[in-house]
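Student: I have a model open and would like to go through it by question and answer. Can we begin with the strands?

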Amino acid sequence: MYRSRFDTSRLRSRRWQIGAVAGVTVLGLGVGLGVASAGEATPTVDCPAVTLGVAVPAQQRADVQRNLELLNTQIDEANKRIVSTKGQGGPNFIQNAILGPLKDKRFATIERIETAIARNAARPDLNSEGLAPCKLDTKGGTPVKQPTAVPSTAAPAATTKPPAKPTTPPTKAPATTAPTAAPTTAAPAAGTPVAVNGRLKVCGVNLCNQAGQPIQLRGMSSHGLQFFPDCVNAGSLNALRNDWKADFIRLSMYVQEGGLETDPAGFTAKVNGLVDEATRQGLYVIVDFHILTPGDPNANTALAKKFFADVTAAHRAKKNVIYEIANEPNGVSWDGILNYANQVIPVIRQNAPDSVVLVGTRGFSSLGLTDGSDETEIVNDPVKFANIMYTFHFYAASHGADRRAVVARAAKKLPLFVSEFGTQTFTGDGGNDFASTDAWLDLLKANKIGYGMWSLSDGRETNSAFKQGTCAGSTFAGTGVLTESGRYIRSRILTGVGSPR
């Protein structure tokens with residue numbers, strides 16, 4: 001989750017602010033907001049530094065530090081972009097092509113820091129709106145790096161947002177015994193999505209069932225399995241299938257942030273157990289290798305190969321498993337994503353030669369839109385394997401008609417799957433925009449593009465489908481346990497019309 005495109009018209013109001021701000025600069029070329037030509041002065045891009053001012057829980061220290069380091073990486077990338085585009089564009093080139101995208105990336109990164117801290121403490125307000133924009137300093141200067149030290153004790157002047165009911169999930173998943181016998185395939189329950197549609201395949205730009213008919217899968221994505229280890233279970237999956245009439249569950253196996261890399265055997269066993277349960281329920285299941293920070297999937301290639309080798313071996317006889325190899329690539333080119341895909345997909349194909357594989361697109365699975373690109377780079381250089389689909393993610397309160405137009409165009413050329421979306425902002429929080437969500441889901445329905453909403457969890461954020469405390473109980477059906485966004489998506493899947501009431 002987390003997302004792209006800063007949109008000031010949709011930001012939630014801020015009433016608590018933290019800490020002093022220091023300047024951070026990076027070398028650049030340009031005069032005003034254009035690109036410098038030979039003989040002109042070398043200005044710098046001046047970015048405000050993020051001051052935490054709060055104690056960071058031990059479970060989130062590594063994640064927060066990675067995101068602080070990512071702020072420096074983003075500045076370095078902006079610097080390289082300015083240098084590589086010297087002489088290009090008009091007077092507003094730097095603002096539109098460099099400072100604008102940099103602001104988007106910084107806003108998302110600062111929000112991720114807030115969200116990480118909030119998993120085990122009160123959510124701080126780091127002033128992401130104010131600290132996201134950077135300025136062009138025509139006088140130049142020595143670049144100053146974003147401090148990356150993570151405080152273990154709070155600064156005296158720090159303030160935080162009012163505390164909400166805490167959600168304190170464990171950082172490691174409880175062990176789930178992996179299958180020891182050779183995998184077998186039980187017949188799916190009559191009338192379930194798998195019983196009706198069988199093994200899926202990609203036909204043209206559509207996902208098709210065993211009869212070759214284009215279909216649209218509708219379902220839910222879990223939150224990180226390490227953050228909400230109890231929310232995906234036999235009871236909640238039964239509610240998805242029978243009460244919601246959903247088609248699939250997406251299992252979001254975070255790689256970092258206390259996820260897979262901390263206990264590969266334990267988390268792989270947990271994923272395998274949940275795949276088995278979804279299979280018993282007659283649901284399709286997406287196994288999501290949830291990379292986010294670092295955003296370059298090549299940083300996790302070895303772990304991905306091992307994970308997918310183990311998971312596909314356990315489920316090689318199943319026909320209901322879809323594999324998503326990279327959640328939201330960011331800070332990486334399409335060529336970099338292709339390099340990763342060309343190494344990981346053959347591993348999957350050894351045990352699952354016919355399974356559908358979802359490939360993340362650059363710019364947080366935005367078809368490259370967040371990075372100033374579009375679907376053309378994929379159309380011109382697609383993944384060279386069969387049964388491949390490309391992911392697109394949106395958050396309805398942040399992403400609107402301009403992106404819908406691109407998806408409508410891309411859907412005529414590429415097989416797309418929306419493996420994650422939200423009714424709120426790309427932070428996964430804030431107010432729900434159901435009008436925008438309706439427009440998005442109508443578009444997906446018209447093009448038979450599958451979708452899964454984030455998230456089947458009971459956290460504090462508005463993306464949670466369940467009310468807080470639901471996952472500790474045994475009741476998952478009906479509207480009484482659902483939040484506003486949960487009621488909306490259940491209604492949309494069940495009746496075709498979304499209603500939060």
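**Strands, core and helices**

Tutor: Strand β2 (residues 44-48) is mostly covered, with four of its five residues buried. Buried means under 20% relative accessible area, exposed over 50%, and partly exposed in between (1.4 Å probe, protein chains only). Helices (H or I, at least four residues) and strands (E, at least two) are DSSP runs, numbered from the N terminus. This is a predicted model: local features need pLDDT of at least 70, side-chain atom pairs count only at pLDDT 80 or more, and totals for chains, interfaces and linings use all residues. Residues are numbered from 1 along each chain as its sequence is written, and side-chain values use heavy atoms, leaving out hydrogens and water.

Student: Which residue in β3 stands opposite Asp46?

Tutor: Two strands pair if DSSP finds at least two bridges between them. β2 and β3 (residues 135-137) are joined by three bridges and run antiparallel. Opposite Asp46 stands Lys135.

Student: Which strands stand at the edges of the open sheet?

Tutor: The sheet has three strands in the order β4-β5-β6, with antiparallel pairing. An edge strand here has a single partner, so one side is left without a neighbour in the sheet; that holds for β4 (201-203) and β6 (214-215).

Student: What is the bridge partner of Val202 in β5?

Tutor: Three bridges join β4 to β5 (residues 206-208), and the two run antiparallel. In β5, Val202 is partnered by Leu207.

Student: Which helix gives the most to the largest nonpolar core?

Tutor: Such a core is a set of buried Ala, Val, Leu, Ile, Met, Phe, Trp, Tyr and Cys residues joined through side-chain atoms within 4.5 Å. The largest has 89 residues, and Ile249, Phe308, Ile325, Val359 and Ile489 have the most contacts inside it. With eight residues, the top contributor is helix α8 (residues 334-351).

Student: How many residues of α6 are buried?

Tutor: Helix α6 (residues 264-280) reaches 24 Å from first C-alpha to last, close to the 24 Å expected at 1.5 Å a residue (1.5 Å times one less than its number of residues). The helix is largely enclosed by the rest of the structure, because the buried count out of 17 is 14.

Student: Which backbone nitrogen does the side chain of Asp243 reach?

Tutor: Asp243 lies in helix α5 (residues 234-244). Asp243 is buried, with a relative accessible area of 18%. At 2.8 Å, its side chain reaches the backbone nitrogen of Gly478.

Terms used: A polar contact is a pair of N or O atoms within 3.5 Å; within protein, one must be able to donate a hydrogen and the other to accept it, and residues adjacent in sequence count only if both atoms are side-chain atoms.
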